[in-house]
Amino acid sequence: MRVTRHALEIRVANINGRLGRTPDKHSFLTLNYNSNYGGYNLCSNKGSTIVQHRTPAKEMLNYLDGLLVGIDIKEGGYN
């Protein structure tokens, strides 16, 4: 399966929406990409706080999916 930036951005938007985060808050998550440094970086606080260090696209996809499953479990979605 090929992982695109769009697929990752959809998951980040879903996580922000589920946690009630808006772009004006410091806890808003953003995705940063740089091929020279190894891939995708998950940041908050307008890029100054790194949540997940640079990883390849597939690894970032798995990380974001894990965050979504964790949110589901916290909300009681797997009872």
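Helices and strands here are DSSP runs, with at least four residues for a helix and at least two for a strand, numbered from the N terminus. On that basis, the chain in this predicted model has two helices and three strands. Walk along the sequence and you meet them in the pattern α-β-β-β-α.

**Overall build**

- For 79 residues, a compact globule would have a radius of gyration near 12 Å, and the chain's 13 Å agrees with that.
- If you boxed up the C-alpha atoms along the principal axes, the box would be roughly 40 × 35 × 20 Å.
- Take the contacts with a separation of 6 or more: 31% of them link residues 24 or more positions apart.

**Surface and charge**

- Buried residues make up 28% of the 79 in the chain.
- About 5200 Å² of the chain is exposed, and carbon and sulfur atoms supply 52% of that area.
- There are 10 positive and 6 negative side chains, and the centres of these two sets sit 5 Å apart.

**The nonpolar core**

- The largest nonpolar core is made of 14 residues, and Leu8, Leu31, Leu42, Met60 and Leu64 have the most contacts inside it.
- Helix α1, strand β2 (39-44) and helix α2 (57-74) each put in at least two residues.
- Helix α2 gives the most to this core, with six residues.
- Leucine 8 is worth a closer look: skipping its neighbours within four places in sequence, leucine 8 touches Val3, Leu31, Tyr40, Ala57, Met60, Leu61 and Leu64.

**Threonine 55**

- You'll find threonine 55 in strand β3, which covers residues 49-55.
- Threonine 55 has a relative accessible area of 6%, so it counts as buried, the cut-off being under 20%.
- Apart from neighbours within four places in sequence, threonine 55 is in contact with Gly38, Gly39, Tyr40 and Met60.

**Phenylalanine 28**

- Phenylalanine 28 belongs to the loop between α1 (5-18) and β1 (30-34).
- At 23% relative accessibility, phenylalanine 28 is partly exposed, because that label covers values between the 20% and 50% cut-offs.
- Again leaving out neighbours within four places, the contacts of phenylalanine 28 are Asn16, Arg21, Thr22, Pro23, Cys43, Ser44 and Asn45.
- Phenylalanine 28 and glutamate 59 are 31 residues apart along the chain, and their C-alpha atoms are separated by 21 Å.

Terms used
Residues numbered from 1 in each chain as written. Predicted model: local features only at pLDDT ≥ 70, side-chain atom pairs only at ≥ 80, totals over all residues. Heavy atoms only, no water. Rg over C-alpha atoms; globule rule 2.2 N^0.38 Å. Buried < 20%, exposed > 50% of the residue type's maximum accessible area, 1.4 Å probe, protein only. Contact = heavy atoms within 4.5 Å. Areas by Shrake-Rupley, 256 points an atom, 1.4 Å probe, with all protein chains shown as cover. Lys, Arg positive; Asp, Glu negative; His and termini not counted. Charge placed at Lys NZ, Arg CZ, Asp CG, Glu CD. Core = buried A, V, L, I, M, F, W, Y, C linked by side-chain atoms within 4.5 Å.
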